Amino acid sequence: MKKFLFIFSGLFLTQEAIANQPVDWQLGFQKAASESMREIVAFHDKLLLPIIIAISVFVLFLMLYACVRFRASANPNPSKRTHNVTVEVLWTLIPCLILIVMAVPSFKILYKQDAIPKADLTIKAIGYQWYWGYEYPDENIIFDSYMIEEKDLKVDQPRLLAVDNEVVVPVDKVVKVLITANDVLHAWALPSFGVKRDAVPGRINETWFKAEKVGTYYGQCSELCGIKHAFMPITVRVVTNEEYEEWLSEAKEKFAKEEIENDKLKLASK
Ligand SMILES: [Cu+2]
C-alpha cells in the first residue's frame with residue numbers, strides 16, 4: 001500500500017515537489033524554467049493533447065459502432081460498395097486542416113527559438129566520447145564535465161545526472177550556447193529550458209536560453225553516440241548575478257585556458 005501511494009503521488013505530485021530533474025514514474029514534461037519551455041508545454045497541453053484525445057475517441061467510437069451495427073447477426077447481407085467520393089474527400093481534407101492548425105503555432109515557437117536575442121554571455125559546449133567540455137570564450141575559461149560515478153554521489157546529487165564541473169550561468173540573462181562535437185554526433189539537451197541541439201563534428205550549432213529561476217538543472221546527451229551515451233549528463237547551475245561574478249573570478253583561475261597575464265608580462269619584458 002505504501003509503495004502504491006508513493007507511485008500514485010509520484011504520478012501527480014512530484015512535478016511540483018521536485019523541479020528541474022526527472023522523477024520516478026513521471027508523466028509529461030519536466031517543470032519549465034524558461035519562457036521557451038513554457039510555450040512548448042502550453043502548445044502540448046492546450047492544443048496537441050486535445051487533438052490527440054479527440055481523434056482517439058472518434059476512431060474508437062467508429063470501431064465500436066462498426067462492430068455492433070454491422071456484426072454478422074445484425075447485418076447478414078453486407079453492402080458491396082467500395083467507394084464513396086464524399087467520405088474520401090472528407091478524410092483527406094479534415095486531417096490536412098488539423099495539420100495546418102497544429103503547424104501555425106508550432107512554427108511560431110520554432111522560429112522564436114531560432115532567432116537568438118542579444119546574448120549576455122556565450123558558452124560553448126563540445127561533445128566528446130563520453131563527456132562534455134565547456135568553454136566561456138569571452139572569459140578565457142575551459143573545463144571538462146564528467147558524470148559522477150554512483151559510489152561517489154553526495155546526498156542531493158541525482159544518479160546519472162550529476163557532474164563534477166557544472167556549467168554556471170546567471171539567472172534572467174540570455175545565454176547563447178555554441179554546440180559542437182569532437183568525435184561523433186552528440187546532442188546538448190536541457191528539458192527545463194526547452195533546449196536541444198545536435199553537436200556535429202566540424203560544425204557549430206547554436207541555441208539560447210534564459211533561465212527564470214535559480215536552481216540546478218539536468219539534461220543528457222540526446223544523440224546515440226556510443227557505448228557510454230547514457231553517461232554524459234549535462235548539469236547547469238543557475239545562480240544570482242553576484243554568485244556568478246564570484247564563480248567567474250574563481251573559475252578564471254581554476255579553469256584558465258591560456259596564461260594571459262603571464263604572456264602579457266613576457267611581452268612587456270621584451
Ligand atoms: Cu553523446
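Which residues in α3 meet which residues in α4? Before selecting them, note that this is a predicted model. The protein has an average pLDDT of 88, and 89% of the residues score at least 70.

**Stop 1: helices α3 and α4**

Select residues 35-69 for helix α3 and residues 85-114 for helix α4. Their axes lie 11 Å apart, and the packing angle is about 175 degrees. That angle makes α3 roughly antiparallel to α4, because angles over 145 degrees count as roughly antiparallel. Now show the side chains where the helices meet. From α3 come Ser36, Glu39, Ile40, Phe43, Leu47, Leu48 and Ile51. From α4 come Ile98, Met102, Pro105, Ser106, Ile109 and Gln113. Sorted by class, this contact has nine nonpolar residues, three polar and one charged.

**Stop 2: strand β6**

Next select residues 186-190, which form strand β6. Five of the five residues in β6 are buried, so the strand is largely enclosed by the rest of the structure. In a regular strand the side chains alternate between the two faces of the sheet. Look along β6 for the two directions: His186, Trp188 and Leu190 point one way, while Ala187 and Ala189 point the other way.

**Stop 3: the partners of β6**

Add residues 195-199, strand β7. β6 and β7 pair in the antiparallel sense, over five bridges. To see one pairing, select alanine 189, which stands opposite lysine 196 in β7. The hairpin of β6 and β7 has four residues between the strands. In that hairpin, select glycine 194, which takes a positive phi near 65 degrees.

Then add residues 215-221, strand β9. β9 runs antiparallel to β6, and two bridges join them. Here tryptophan 188 has cysteine 221 of β9 as its bridge partner.

**Stop 4: phenylalanine 255**

Move to the loop between α5 (241-254) and α6 (260-269), where phenylalanine 255 is placed. Is phenylalanine 255 exposed, partly exposed or buried? Phenylalanine 255 counts as partly exposed, because it has 17 C-beta neighbours inside 10 Å. Leaving aside neighbours within four places in sequence, phenylalanine 255 is in contact with Ile141, Ile142 and Phe143. Select phenylalanine 143 as well: the two phenylalanines are 112 residues apart along the chain, and their C-alpha atoms are separated by 5.8 Å.

**Stop 5: residues 5-19**

Finish with residues 5-19, where pLDDT stays under 50. For this stretch, the model has 14 contacts beyond four places in sequence.

How values were computed. Residues are numbered from 1 along each chain as its sequence is written. This is a predicted model: local features need pLDDT of at least 70, side-chain atom pairs count only at pLDDT 80 or more; totals for chains, interfaces and linings use all residues. pLDDT is the predictor's confidence in each residue, from 0 to 100. Two residues are in contact if their C-beta atoms, placed from the backbone, lie within 7 Å. A residue is buried if 20 or more other C-beta atoms lie within 10 Å of its own, exposed if 12 or fewer, and partly exposed in between; C-beta atoms are placed from the backbone. Two strands pair if DSSP finds at least two bridges between them. Axes are lines fitted to C-alpha atoms, for helices over the stretch in contact, and angles run from 0 to 180 degrees between N-to-C directions. Angles under 35 degrees count as roughly parallel, over 145 as roughly antiparallel, 65 to 115 as roughly perpendicular and the rest as oblique. Ala, Val, Leu, Ile, Met, Phe, Trp, Tyr, Cys and Pro count as nonpolar, Asp, Glu, Lys and Arg as charged, and the others, Gly among them, as polar.
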